[in-house]
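Here is a friendly walk through one protein model. Have the viewer open and follow along as the headings go by.

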Amino acid sequence: MNDVLKDLSSEFYPYAQQRLGFNKPANIEYLDDPQNAQDPLGKTAYYDPTSFTVSLYTSGRHPKDILRSLSHELVHHAQNCRGEFEGGLVASEGYAQEDDHLRSMEKEAYEQGNLVFRDWEDKRKSNKDEGAIMEHFDIRRVKLNKQLMDKFGYKVPEEPKPEDSETTKTKEKKK
Ligand SMILES: [Zn+2]
């Protein structure tokens with residue numbers, strides 16, 4: 001299990017805990033399963049409500065993808081802390097069609113899991129990554145330019161094309 005993933009997980013976890021508001025600690029387990037990684041529709045992660053454990057398959061996956069799985073499973077953990085897993089059901093992926101309640105829990109896990117992960121990623125980039133700050137700055141500058149141009153009735157200049165020489169010719173003819 002690589003250190004980058006471990007560091008990112010321990011950085012993401014407290015953020016997710018605050019956002020999702022679970023009051024019991026979750027265990028995180030990393031599974032190295034090369035055989036599962038060979039299967040294009042192989043398992044990615046699951047949550048066991050009886051042991052509060054999130055299990056993440058790591059083989060052949062991008063750390064960001066694994067973290068998104070972690071975020072999803074932590075929503076299930078938050079649901080478990082709220083008492084939504086009555087009877088100790090194991091939330092493995094693929095159960096969603098079986099039951100309306102489970103299906104709505106799955107919907108929440110997808111929506112909240114993606115949102116929380118995305119927000120954390122944005123926050124982290126704007127705090128730590130100079131490249132991301134430049135990206136934001138550039139976007140702002142482009143917007144500002146466009147606003148100024150709209151205000152003064154200018155059109156955004158287009159890339160010069162070879163045809164421009166013809167406009168010059170037309171102008172010359174008018175003289
Ligand atoms: Zn799920």
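## The loop between β2 and β3

Let's begin with P49, which sits in the loop between β2 and β3. This is a predicted model, so the values here are all computed from its coordinates. Is P49 exposed, partly exposed or buried? P49 has 19 C-beta neighbours inside 10 Å and therefore counts as partly exposed, since buried status calls for 20 or more. Along the chain, P49 and C81 are 32 residues apart, yet 8.8 Å separates their C-alpha atoms.

F52 belongs to the loop between β2 and β3 as well. Its count is 16 C-beta neighbours inside 10 Å, so F52 is also classed as partly exposed. The backbone is worth a look here: F52 has a positive phi, near 55°, although the residue is not a glycine. For context, most residues other than glycine have a negative phi.

## The chain as a whole

Zooming out, the protein chain contains 6 helices and 4 strands. Their order along the sequence is α-β-α-β-β-α-β-α-α-α.

How much of the chain is buried? Of the 175 residues in the protein chain, 19% are buried. Among contacts with a separation of 6 or more, 72% join residues that are 24 or more positions apart.

## Helix α3

Helix α3 covers residues 63-81. With 19 residues at 1.5 Å each, α3 should span 27 Å, and the 26 Å between its end C-alpha atoms agrees with that. Most of α3 is covered, with 15 of its 19 residues buried. Just after α3 comes G83, whose phi is positive at about 85°.

C81, in the range of α3, also has a partner in another loop. The C-alpha atoms of G21 and C81 are 9.2 Å apart, with their positions 60 residues apart along the chain. G21 itself is found in the loop between α1 and β1 (27-31). Only 10 C-beta neighbours fall inside 10 Å of G21, so this glycine counts as exposed.

## How α1 meets α3

Two packed helices are described by the angle between their axes and the distance between the axes. For α1 and α3, the angle is about 35° and the axes are 10 Å apart. Their crossing is right-handed.

Which residues make the contact? From α1 come V4, L5, L8, S9, F12, A16 and L20, while α3 brings P63, I66, L67, L70, S71, L74, V75 and A78. Sorted by class, the contact of α1 with α3 has 13 nonpolar residues, 2 polar ones and no charged ones.

## The largest nonpolar core

The largest nonpolar core is made of 20 residues, and L20, V54, L70 and L74 have the most contacts inside it. At least two core residues come from each of α1 (3-20), β2 (45-48), β3 (53-57), α3 and α4 (100-128). Which element gives the most? That is α3, with 6 residues.

L20 is a good residue to select in the viewer. Once neighbours within four places in sequence are left aside, L20 is in contact with L74, V75, A78, Q112 and V116. Of these, L74, V75 and A78 also appear on the α3 side of the contact with α1.

Definitions and conventions. Residues are numbered from 1 along each chain as its sequence is written. This is a predicted model: local features need pLDDT of at least 70, side-chain atom pairs count only at pLDDT 80 or more; totals for chains, interfaces and linings use all residues. The expected span of a helix is 1.5 Å times one less than its number of residues. A residue is buried if 20 or more other C-beta atoms lie within 10 Å of its own, exposed if 12 or fewer, and partly exposed in between; C-beta atoms are placed from the backbone. A nonpolar core is a set of buried Ala, Val, Leu, Ile, Met, Phe, Trp, Tyr and Cys residues joined through C-beta atoms within 7 Å. Two residues are in contact if their C-beta atoms, placed from the backbone, lie within 7 Å. Axes are lines fitted to C-alpha atoms, for helices over the stretch in contact, and angles run from 0 to 180 degrees between N-to-C directions. A crossing is left-handed if the near helix is turned anticlockwise from the far one by less than a right angle, and right-handed if clockwise. Ala, Val, Leu, Ile, Met, Phe, Trp, Tyr, Cys and Pro count as nonpolar, Asp, Glu, Lys and Arg as charged, and the others, Gly among them, as polar.
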